[in-house]
Amino acid sequence: MNKQIQFLLLLIVSATKISAQDMSIVQVQTLPEVGAAQGVTKISDHVYVYGDREVGMMRSYSLSDSLDYTGEEYLFTVDGRDHINHPTGIAYAKGFPTFIGNSIRMNKEGTLWKAMIYAIDWEGFLNTKTLDGNLLATIEDDACIQGTRPEYVRYKSKMMVATADYGPTRNEVRLYDPEKLLNANKSSDSGVLVGKFTCSPWVQNLHWIADEGVLVLIQNQIEGRLWRLTYLDLEASLSAGKEVVLQQIDFDRKDELEGFCLLNPSLGIAVSSSRTQNAALIKIP
């Protein structure tokens, strides 16, 4: 990256650095029966919150003055058995495969995990409300360092699946070709990985702001506590090989932030893993 570009990026960061006072939590509510919420996404007119109750599951909500449960619940089960037990991201884009991330604990201590990505028939899943007949592919995300959390982004006019690590060090954001990922056994298979860059720690999820070309890292300031949203210039980050931060917003919330998405340009929603007071509507200036 040349000095002129570095100087311009420095100006952008200085001009757009905002605080939690600029993005304010306007309402907090409890979403029951989602277990520990693991993320939230808006698809069409529906808001979906997913979590790891007794099985991995998802609920649909509409927005009025708050989030209202529609009565529609979906289970990540096959033949009644838990299949995606710890959903860690839903990558949806019309006309492209839908991918869901999962973290599988490999030992009792929780020190060893395997990251998996599943391709599913999204419309079929919404219709039957389980994964029965809707599971298209299972891919081990072995290119990851610590976990997977898929989200669609646009890079060089093409849709890509972004994912990120969770951990104290050595974290990356990676971009995968969706068609090659769909037909792969592992994310390390030839041609799947398109690009990557290093990023800061404790990334729980990703959110793409398409109109701005901005990727949001949904993070905690320390392990398991204190909310943080980090806005990145995706193309500049891939060019630099490390995150290029446009904004970083910290909230003094003591629980564990797990997911965030924009509902419209002036309103977002964040969810935490707490059993109560686990959803917050956030006003965006």
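## Burial and the predicted model

A residue counts as buried when its relative accessible area is under 20%, as exposed when that area is over 50%, and as partly exposed in between. E172 has a relative accessibility of 13%, so E172 counts as buried. The structure discussed here is a predicted model, and every value below was computed from it.

## Overall form

The protein is built from four helices and 22 strands. Its radius of gyration is 18 Å, close to the 19 Å that the globule rule gives for 285 residues, so the protein is as compact as a globular protein of that length. The C-alpha trace spans about 60 × 45 × 40 Å along the principal axes.

Of the 285 residues, 53% count as buried. Among contacts with a separation of 6 or more, 49% are made by residues 24 or more positions apart. The area exposed by the protein is about 12900 Å², and carbon and sulfur atoms supply 49% of that area.

## Charges

How many side chains are positive, and how many are negative? The protein has 27 positive and 35 negative side chains. The centres of these two sets lie 5 Å apart. Across the whole structure, 10 salt bridges are found.

## Salt bridges at E172

Two salt bridges involve E172. One is with R174, where the closest N and O atoms are 3.4 Å apart. Both of these residues, R174 and E172, are buried.

The other salt bridge joins the side chains of E172 and K196, at 3.6 Å from N to O. E172 belongs to strand 14 (residues 172-176) and K196 to strand 15 (residues 193-198), so this pair ties together parts that are 24 residues apart in sequence. Is K196 buried or exposed, or does it fall in between? K196 has a relative accessible area of 44% and is therefore partly exposed. The pair thus joins a buried residue, E172, to a partly exposed one, K196.

## Other salt bridges

The side chains of D250 and R228 also meet in a salt bridge, at 2.7 Å from N to O. D250 lies in strand 19 (residues 245-251) and R228 in strand 18 (residues 225-233), so the pair ties together parts that are 22 residues apart in sequence. With a relative accessible area of 28%, D250 is partly exposed.

Elsewhere, R53, E54, R59 and E73 are joined into one network by salt bridges that share partners.

## Two buried residues: A36 and G268

A36 sits in the loop between strand 1 (24-29) and strand 2 (37-43). Its relative accessible area is 12%, so A36 is buried although it is found in a loop. Which residues does A36 contact, leaving aside its neighbours within four places in sequence? They are G51, D52, S273 and R275. The C-alpha atoms of A36 and C144 are 23 Å apart in space, and the two residues are 108 apart in sequence.

G268, in contrast to a loop residue, lies in a strand, namely strand 21 (residues 267-272). G268 has a relative accessible area of 0% and is therefore buried. Apart from neighbours within four places in sequence, G268 is in contact with F260, C261, L262, L263, A280, L281, I282 and I284. One of these contacts, A280, is 12 residues from G268 in sequence and 8.3 Å from G268 in space, C-alpha to C-alpha.

## Positive phi angles

Most residues other than glycine have a negative phi. S44 has a phi near 55°, a positive value in a residue other than glycine. S44 is located in the loop between strand 2 and strand 3 (46-52). At 57% relative accessibility, S44 counts as exposed.

K129 likewise is not a glycine and has a positive phi, of about 70°. Where does K129 lie? K129 is placed in the loop between helix 2 (122-128) and strand 11 (135-140). The relative accessibility of K129 is 28%, so K129 counts as partly exposed.

Notes:
Residues are numbered from 1 along each chain as its sequence is written. This is a predicted model: local features need pLDDT of at least 70, side-chain atom pairs count only at pLDDT 80 or more; totals for chains, interfaces and linings use all residues. Side-chain values use heavy atoms; hydrogens and water are left out. The radius of gyration is taken over C-alpha atoms; the globule rule is 2.2 Å times the number of residues to the power 0.38. Buried means under 20% relative accessible area, exposed over 50%, partly exposed in between (1.4 Å probe, protein chains only). Contact means heavy atoms within 4.5 Å. Accessible areas come from the Shrake-Rupley method with a 1.4 Å probe; for residues, only the protein chains shown count as cover. Lys and Arg count as positive and Asp and Glu as negative; His and the chain ends are not counted. The place of a charge is taken as NZ of Lys, CZ of Arg, CG of Asp or CD of Glu. A salt bridge is a side-chain nitrogen of Lys or Arg within 4 Å of a carboxyl oxygen of Asp or Glu.
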